[in-house]
Amino acid sequence: MPISPADAEREAEEIRRIYAEAERTIIEKIARRVARGIDTADDSWYAIKLTEVSQLRREVEAEIRRLRQADREVERVVATAYREGSTAAIADLRRVTRASVAIRTAFTRANEDAVRRLAQAVVGNLEATQFRILRAAEDVYRQVIAETAVPQVLTGVLTRREAAQRALDRFAELGISGFVDRAGRSWSLESYAEMAVRTGLGQAAVQGHIDKLIENNRDLVIVSDSPEECEKCRPWEGRILSLTGQTPGYPTVDQARAAGLFHPNCTHRFGLYVPGLTRPMSGTAAPQRYEERQQQRYIERQIRKWKLREAAAITDDAKRLASAKVRDWQAVMRRFIAETGRIRKPSREQIGKAR
């Protein structure tokens with residue numbers, strides 16, 4: 001197989017961590033700026049806060065520049081995934097090709113062009129988040145300021161700090177969200193970044209494998225087993241596909257993709273299929289493992305959510321509540337791991353450290 005899902009997950013997890021850290025830093029900057037002078041008795045606080053929008057913009061733009069520094073690393077790992085896919089295809093070919101038959105192994109200009117297109121697509125998806133990050137930060141900052149002027153605050157039902165905390169809690173609850181993929185699915189910032197990189201690496205590995213097999217006049221591949229497959233992918237495990245559509249009787253890779261195989265975050269790959277030589281697969285379904293994985297991801301998201309709430313806290317009560325919720329969900333995770341025997345991934349529970 002061209003590249004293991006674990007390899008793609010490690011690289012994607014690092015990008016998720018970088019984006020999660022940026023999100024936390026932005027939320028903390030907004031909370032600290034809002035809290036500064038909020039308990040003053042007069043109304044000068046409102047005017048001062050509104051004049052600080054440009055300062056906040058500069059701080060958020062600095063975070064975005066840090067995110068852009070990861071682009072070069074993304075380009076590198078996409079190229080690595082493509083080359084590993086190509087290398088795995090060569091290994092497949094060598095296992096089934098007579099020594100007297102030459103195998104095309106050179107990394108061609110066409111391969112370089114393919115890597116460039118794949119890397120640009122992933123980087124482009126990440127860069128598309130950056131304008132929304134800036135806009136979301138400014139919008140929530142203005143909203144928090146506006147909500148401290150509502151009638152409940154003016155009549156003394158809520159303190160200005162309590163009103164601001166309510167608005168900050170809503171922002172931290174959702175995070176920077178609204179990122180939509182090509183299928184119309186909506187993602188949070190960190191999840192979108194992770195999905196974009198993991199999907200891009202998987203596509204690069206698959207394409208590297210495809211290109212090298214086609215260069216060597218091979219057309220049939222077999223879809224791998226994945227221990228945590230979803231309902232979309234399960235029907236395709238062990239299926240034989242045609243790369244070009246030139247072999248009658250087999251669905252094509254494009255048809256499998258259209259039906260859901262290789263969807264965002266998919267962990268399936270494929271290898272060369274040789275009739276009479278490649279052993280078929282059976283009994284690969286593992287729906288319970290998939291459900292457990294989804295449950296673990298849910299618990300991880302809850303831990304991260306409450307850590308964001310903690311970062312947004314400007315009252316003692318909010319800090320205590322968020323801290324207690326983090327501990328509660330961490331306890332849920334410990335019980336879940338004990339019951340299922342799965343491996344806990346502490347890095348997925350982190351949102352980075354504030355700078």
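Five aromatic pairs were counted in the predicted model, a pair being two rings of Phe, Tyr or Trp (its six-membered ring) with centres within 6.5 Å; planes under 30 degrees apart are stacked, over 60 edge-to-face and the rest tilted. Y82 and F107 form an edge-to-face pair, with 5.9 Å centre to centre and 90° between the planes. The two residues are 25 apart in the chain, Y82 in helix 4 and F107 in the loop between helix 4 and helix 5; helices (H or I, at least four residues) and strands (E, at least two) are DSSP runs numbered from the N terminus. Y82 counts as buried at 1% relative accessibility, whereas F107, at 25%, counts as partly exposed (buried, under 20% relative accessible area; exposed, over 50%; partly exposed, in between; 1.4 Å probe, protein chains only).

Residues are numbered from 1 along each chain as its sequence is written. Local features need pLDDT of at least 70 and side-chain atom pairs count only at pLDDT 80 or more, while totals for chains, interfaces and linings use all residues; side-chain values use heavy atoms, without hydrogens and water.

The largest nonpolar core (buried Ala, Val, Leu, Ile, Met, Phe, Trp, Tyr and Cys residues joined through side-chain atoms within 4.5 Å) has 61 residues, of which I30, V34, V60, V78, I133, I176 and I314 touch the most other members. Helix 5 provides the largest share of this core, 15 residues. Beyond its neighbours within four places in sequence, I133 is in contact (heavy atoms within 4.5 Å) with I26, V60, I64, L67, I176, F179 and L189. A separate core of 21 residues includes C230, W236, C266 and V274.

The largest pocket encloses about 1100 Å³. A pocket is an open set of points on a 1 Å grid over the protein atoms alone, where a 1.4 Å probe fits, with protein on both sides within 12 Å along at least five of seven lines; lining residues have an atom within 4 Å of a point. Its lining comprises 41 residues, with R198, N265, R293, Q294 and R297 nearest the centre. Helix 10 contributes the most to this lining, nine residues. By class, the lining of the largest pocket holds ten nonpolar, twelve polar and 19 charged residues (Ala, Val, Leu, Ile, Met, Phe, Trp, Tyr, Cys and Pro nonpolar; Asp, Glu, Lys and Arg charged; the others, Gly among them, polar).

The second largest pocket has a volume (space filled by probe spheres set on grid points joined across faces, edges and corners) of about 540 Å³. Helix 8 gives the most to its lining, six residues.
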